[in-house]
Amino acid sequence: MPNLENLKKQAKLILRWHRERYYPVAALIREHLPRFLNMSDAEILAASFKLSDAQEMVAREHGFDRWQALNARLQDARLKVNSSPSKATIVGVEPQLFVTDIRRSCGFFCEKLGFRLVFSYGKPPYYAQVARDAARLNLRWVGQAVIESTIRAREELLSASITVATAEEIKLLFLEFQSAGVTFRQKLKKQPWGARNFIVTDPDGNLLLFGGPAN
């Protein structure tokens, strides 16, 4: 469970980013606050945005409609915590893929792998994020390949590992990608340790592992 004080700081940071016209925050605001859904980045940054808006945004990121509901849940959880020291909890990770064409990569992830575009920046674009369910991938433009292709293939250097909850879901995902004409580095197989997985190759040769449990 997140710390309330940290969430308050996060809301204040979002508010400061909006006041400073920090463009990446516009996409986050649009994603989490429905009233900004049909507004451009410039319109969002020019619109009225208060601390209460930033707090609502933080609440929605954690599955609550209102800041007050999140606050109440945290207060209730705090009463149940024993006296042992607290520790940080990592709630997500966002692998960064190096690509030579942002538009091409976004098209691949959205049209072939069922992701959606969260944001894209630059003209031409140099940075973007795509997401599917809880998985988020950051796409970073580079002028040339970062890893030599023969080394990547020989050593099977993965760029990201993405998991599903059940063995049935990994089968469904493989069939979905297969129907979309995706190129596989490794088709669906059961590994000696029990997991089932397959590996997809993106347009830049990045290897993406999709895995699930045996049963």
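## Strand 1 and its partner

In this predicted model, V99 stands opposite W141 in strand 4. The two strands involved, strand 1 and strand 4 (residues 135-141), run in the parallel sense and pair over four bridges.

Strand 1 itself covers residues 96-99, and its side chains alternate. L97 and V99 point to one face and are buried, while Q96 and F98 point to the other face and are not buried. So as you follow V99 across to W141, you are looking from a residue on the buried face of strand 1.

## A nonpolar patch on the surface

F98 is worth a second look, since this residue turns up again on the outside. Together with V146, I147, I151 and L157, F98 makes a nonpolar surface patch of about 380 Å².

One of these patch residues, I151, lies in helix 7 (residues 149-155). With a relative accessibility of 36%, I151 counts as partly exposed.

## Two cysteines without a bond

How many disulfides are there? The count comes to zero. C106 is in no disulfide, and the nearest cysteine sulfur, that of C110, is 6.0 Å away. Seen from the other side, the closest cysteine sulfur to that of C110 is in C106, and at 6.0 Å the two are too far apart for a bond. The cut-off for a disulfide is 2.5 Å between the sulfur atoms.

Buried or partly exposed: where does each of these cysteines fall? C106 is buried, its relative accessible area being 9%, whereas C110 is partly exposed at 26%.

## Aromatic pairs and a cluster

Now for the rings. The structure holds twelve aromatic pairs. Among them is the pair of F109 and F115, which is edge-to-face: the centres are 5.6 Å apart and there are 75 degrees between the planes. Both F109 and F115 are buried.

F119 and Y121 give a tilted pair, because their ring centres are 5.1 Å apart and their planes are at 40 degrees. F119 counts as buried at 12% relative accessibility, and Y121 is buried too, with a relative accessible area of 10%.

Elsewhere along the chain, which residues form one aromatic cluster? They are F174, F177, F184, F198 and F210.

Notes. Residues numbered from 1 in each chain as written. Predicted model: local features only at pLDDT ≥ 70, side-chain atom pairs only at ≥ 80, totals over all residues. Heavy atoms only, no water. Buried < 20%, exposed > 50% of the residue type's maximum accessible area, 1.4 Å probe, protein only. Pairing = 2+ DSSP bridges. Patch = residues over 30% accessible without salt bridge, like charges linked within 9 Å, V, L, I, M, F, W, Y side chains within 5 Å. Areas by Shrake-Rupley, 256 points an atom, 1.4 Å probe, with all protein chains shown as cover. Salt bridge = Lys/Arg side-chain N within 4 Å of Asp/Glu carboxyl O. Phe/Tyr/Trp six-rings, centres within 6.5 Å; stacked < 30°, edge-to-face > 60°.
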